[in-house]
Amino acid sequence: MAYLSRRFLCSFAGSSRYQWSDIDDGTTFGALNFANAESNPDQIVAVYSSNGQCVLLGTETTDFVGNSGVADPAF
């Protein structure tokens, strides 16, 4: 799990999908608050934040996502 732009981010086990929480609420994840790693979608094994970006570490690739600047989608 990672924390970025006042939201918590985590991955779905065994997939290329990640999700983010509501602002300042790590217990509420909206049904539409998700996306997929897109450059080379492989299984995400770790999520962390660094230098204002979310880093999605896959089994074979690494994706970087940042705050979109709008409420939906946030990343």
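## A tour of the strands and the core

Start by colouring the strands: β1, β2, β3 and β4, in that order, make an open sheet of four strands with antiparallel pairing. β1 and β4 (34-36) are the edge strands, each with a single partner, so one side of each has no neighbour in the sheet. From one strand to the next, the twist averages 30 degrees. Strands here are DSSP runs of E with at least two residues, numbered from the N terminus, and two strands pair if DSSP finds at least two bridges between them. For the twist, axes are lines fitted to C-alpha atoms, and angles run from 0 to 180 degrees between N-to-C directions.

Before going on, a word about what is on your screen. This is a predicted model, in which local features need pLDDT of at least 70 and side-chain atom pairs count only at pLDDT 80 or more, while totals for chains, interfaces and linings use all residues. Residues are numbered from 1 along each chain as its sequence is written, and side-chain values use heavy atoms, with hydrogens and water left out.

**Stop 1: β3 and β4**

Select β3 and β4, which run antiparallel and are joined by three bridges. Within this pair, Q19 stands opposite F34 of β4. Now follow the loop between these two strands to N33. Is N33 buried or exposed? N33 has a relative accessible area of 10%, so N33 is buried (buried means under 20% relative accessible area, exposed over 50%, partly exposed in between, with a 1.4 Å probe and protein chains only). Try a C-alpha to C-alpha distance from N33 to I23: the two are 10 residues apart in sequence and 11 Å apart in space.

**Stop 2: the loop before β3**

Next, select S16, in the loop between β2 (7-11) and β3. S16 counts as buried, at 16% relative accessibility. Leaving out residues up to four places away in sequence, S16 touches A35, N36, A37, P41, D42 and I44 (contact means heavy atoms within 4.5 Å).

R17 is the next selection, together with F12: the charged end of R17 sits over the F12 ring, 5.9 Å from its centre. This label applies if NZ of Lys or CZ of Arg is within 6 Å of the ring centre and within 35 degrees of the ring normal.

**Stop 3: two aromatic residues**

How many aromatic pairs does a search of the whole structure find? The search finds two. In the Y18 and W20 pair, the ring centres are 6.0 Å apart and the planes are at 50 degrees, so this pair is tilted. Rings of Phe, Tyr and Trp (its six-membered ring) pair if their centres lie within 6.5 Å; planes under 30 degrees apart count as stacked, over 60 as edge-to-face and the rest as tilted. Y18 is buried, at 3% relative accessible area, and W20 is buried too, at 1%.

**Stop 4: the largest nonpolar core**

Keep Y18 selected and add L9, V47, C54 and L56: these have the most contacts inside the largest nonpolar core, which has 13 residues. β1 (2-4), β3 (17-20), β5 (44-50) and β6 (53-58) each supply at least two residues of this core. A nonpolar core is a set of buried Ala, Val, Leu, Ile, Met, Phe, Trp, Tyr and Cys residues joined through side-chain atoms within 4.5 Å.

Centre the view on V47. Beyond its neighbours within four places in sequence, V47 is in contact with M1, A2, L9, C10, S11, C54, V55 and L56.

**Stop 5: β5, β6 and β7**

V47 stands opposite L56 in β6, and six bridges join β5 to β6 in antiparallel fashion. The two strands form a hairpin with two residues between them, and N51 in the turn has a positive phi of about 55 degrees.

From L56, step across to D63, its bridge partner in β7. β6 and β7 pair antiparallel over five bridges and form a hairpin with three residues between them. Q53 stands opposite G66 in β7.

Finally, show the side chains of β7 (residues 62-66), which alternate: D63 and V65 point to one face and are buried, whereas T62, F64 and G66 point to the other and are not.
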